Structure formats: structure tokens, C-alpha cells
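Visitor: I would like to go through the terms used for this fold and hear the reasoning behind each.

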Amino acid sequence: MLVEGDRIVSVTPGGHAPVGMQVLELGNVTLLPGLIDVHVHITGDSTISTGNYYRDILTRSPIDEAVTAHLFAKRTLDAGFTTVRNLGSGSYIDVALRNAIDRGLIEGPRILAATLPLGATGGHADDTTGFAPNIEFHGETGVANGVDAVRARVRENVKRGADVIKFMASAGVLSNETSVGAPQYSQAEMDAIVDEAHRWGKKVAAHAHGTEAIKMAIRAGVDSVEHCSFIDDEGLKLARQHGTWLVFDIYNDDFILAEYGKLGVPPEQIAKEKLVGRVQRENFRKAVRAGEKMAFGTDAGVYPHGWNAKQFAKEVEWGMTPLQAIRSATIDAADLIGWKDRVGVIKPGYYADMVAVGGDPLADVSTLEHVGFVMKGGRVVRG
């Protein structure tokens, strides 16, 4: 394989390097394209909690996230994920992080940033839910209600550097509203978000656990549904009809149930996770059998960055072949994010993003948890 600058120039089985070229001989390894995670929250990490949920909220500011975000970016890159889609960040930190990485100031993956996720008052994007009425939070917010307001919020996100638009179609797990999956936007609001985002050339990702919210988001024309926990047969059929990508984060249930009690997360939130975890995995299996378009997204940040590859084994456990799991984080993920012409494949003209592992991931997909070599844009960053 010949690399010049940040691109792959040629791939020749049994070929020889031109005279004067630096040669990297990796030995007995399996070489893959750089991995892609289409759902991370790279500016934060649950493991830096003090163990007191409300103290963390009331004493930590966006500045705290900004000064540690580079650590999580580096851990993600070292784990072999050379491209990620960051689906939500406060204060446009993900845009600043993306720009610093692109300028070569710090090391990290290529980032498609969503900036502030859109959500309804009292919903999954509203940080004031569950607090006394006299407690106020100041700063940028994605909370927007009504067709005109959500259009304006999309435009503001694009203005501030968003590569993708993310909105909360349903309630969620790790927030203080009572429901885990009830719709939180009307059909008209969802339609407006998607129409406005597509008008600006931005793809749309919808957070949706609930059955009805998933179908509403698909009908609105979103490019991907995230989580998909309670998707039903009608939802699977709609996704196929609309060409909608489904992104199931099926590893993090293990971490939430094992660790979040120790982190001081309210028991009501953990109880919601218990409603979601098993059902989500069973519906993942149904989606695989139905031949849905599925991409690899982990919700990393809910669990430690750098552990992204732990989801591969879960994907295989719940119905994918190892090859399908690998495709979900390479060629299929690249297709979802609109970058299938530049990442996800080892091919001339593509970015020289490559990882190597010992052993054969088609025989044991968990080998992808132990990446020994990472190249991003023609530069070796690990190994």
C-alpha cells in the first residue's frame, strides 16, 4: 500500500515500495480501514463524575468540559476510531475541538459535530428539568418549541459550525423526565427540523427510544434514528421504505447498570435503563434479520471513551456476523455520514486511515478491542 500525504495512492498485493520510500512493515496483522463511530459524546465522560450527580451539574461549567475534551479525543483515536459523529455538545465545544484537530493542534479523530441538540421544554435536551423553578441555567441551549423556533435553532446551529443536526424525538434515559420514550415534538416540528436541515445540506439524527417517536421521526425524513429501543415491526418496515439508518447503542446497558449507581446517578434514571436494555438488544436482532441499514454508534461518553470497540462483540452476540459488525463501523458508517467517498475503505483516493490488529477479527471480533496500530491521514498516531 502506497501512501502519499494524507491519501492512499495505490494498493498492490505483493507489491514493492518505490526506491526512497519509508517502509512500515507491520508483520502478521489484519489491516482494516479506520473505524467509525457515528454516535459519541466526545466532550464529556461519565467516569469523571465526583459521584454526586447534582453537585456535578451545579459546580461544573462548559469550561471544565472544554479543558478535558482533548483527552477523550485522543483515547478515541488510539482505540482505532479515526472518524466520529459527535451528537451533542454544550457551548459548541465539539466545533472548537473539531477545528483544533483539523488544524493539527491536538490529536483526535475526524469529527462531524452536531453542536446543541434540539429538544422541547421539559424534555431530554432541557437541563433544567427536575430542578426547582427558581434555579436557572444560563448559556446556549438547544431547547426550542414550535415550527418557527425549531427552524431558527437549526439555522443557528449551522451558523455556529454544525455538520449534522441532532434532535430529541422522544424522552430519554439519562434525564429527569418521567417517560423513557414518549414523543417530545409534534409531527409538524419534526418535519420542520428535517426540512430546514436538509435545506442547508445537513443530515439529521433523531434520538428516539419510543415506538411512536421512532415512526414519527422516520416519516419526517431523518437520516438516522439513534437508540431505536422500542422499534416495532411497523417501524422496521418504515425504515426500509424510507432508507433510514438505524443506530443501536447496545453495549452501554452493561456499563450503566454496573457503574451508574456508584456515580450517584438518580435511581429513577437507572430504572429507565432497565426498561430499555434487554428490549433494545432484542429489537437489534430483529433489525438485523430484517436486513435494515445499520451503522455502528455507541453513545461513548455514557461509558469511557476508548472502549468503543466493546460494542462489536455485542453486535455479534445479538445477531450480526463479524463481517456485518465490521461493515457497520466502516463502509456502512461512512455511507450514513455522507463520507463514503473518503473513509471506510482501503482504496486509492481515500484518506489513509488504517488500523491493524493481531489475529483475525472475522474469527474473533473482540480482537478489535486491542488495536495495535493506527494511521490517520497518512500519519502514524499509534504503533
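Guide: What follows covers two sheets and a pair of helices in a predicted model.

Visitor: What makes S4 and S6 the edges of the sheet S4-S5-S6?

Guide: This open sheet has three strands with parallel pairing. Strand S4 (35-40) and strand S6 (110-113) each have a single partner strand, so one side of each is left without a neighbour in the sheet. From one strand to the next, the twist averages 15°.

Visitor: How do you know that S4 and strand S5 pair?

Guide: Pairing requires at least two bridges between the strands. Four bridges join S4 to S5 (residues 81-86), and the two run parallel; therefore they count as paired. One of the partnerships is that of isoleucine 36 with threonine 83 in S5.

Visitor: Which strands does H3 lie across?

Guide: H3 lies across S5 and S6, and runs at about 150° to S6. Angles over 145 degrees count as roughly antiparallel, so H3 is roughly antiparallel to S6.

Visitor: Why is H2 called oblique to H3?

Guide: Helix H2 (residues 62-78) and helix H3 (residues 93-102) pack at an angle of about 40°, with their axes 10 Å apart. Roughly parallel would need an angle under 35 degrees, and roughly perpendicular one of 65 to 115. The angle of about 40° falls in neither range, so H2 is oblique to H3. Their crossing is right-handed.

Visitor: Which residues make the contact between H2 and H3?

Guide: H2 contributes Pro62, Glu65, Ala66, Ala69, His70 and Ala73, while H3 contributes Ile93, Leu97 and Ile101. By class, the contact holds seven nonpolar residues, one polar and one charged. Glu counts as charged, so Glu65 is the charged one.

Visitor: What makes S7 and S10 edge strands in the other sheet?

Guide: The order there is S7-S8-S9-S10, an open sheet of four strands with parallel pairing. Strand S7 (164-168) and strand S10 (245-247) each pair on one side only. Neighbouring strands are turned by 25° against each other on average, direction ignored.

Visitor: How do you know that S7 pairs with strand S8?

Guide: Five bridges join S7 to S8 (residues 203-208), which run parallel. The requirement is at least two bridges, so the strands pair. In S8, alanine 206 is the bridge partner of phenylalanine 167.

Visitor: What is the direction of helix H5 against that of S7?

Guide: H5 (residues 187-199) packs on the sheet and touches S7 and S8; its direction makes about 175° with that of S7. That value is over 145 degrees, so H5 counts as roughly antiparallel to S7.

Notes:
Residues are numbered from 1 along each chain as its sequence is written. This is a predicted model: local features need pLDDT of at least 70, side-chain atom pairs count only at pLDDT 80 or more; totals for chains, interfaces and linings use all residues. Side-chain values use heavy atoms; hydrogens and water are left out. Axes are lines fitted to C-alpha atoms, for helices over the stretch in contact, and angles run from 0 to 180 degrees between N-to-C directions. Contact means heavy atoms within 4.5 Å. A crossing is left-handed if the near helix is turned anticlockwise from the far one by less than a right angle, and right-handed if clockwise.
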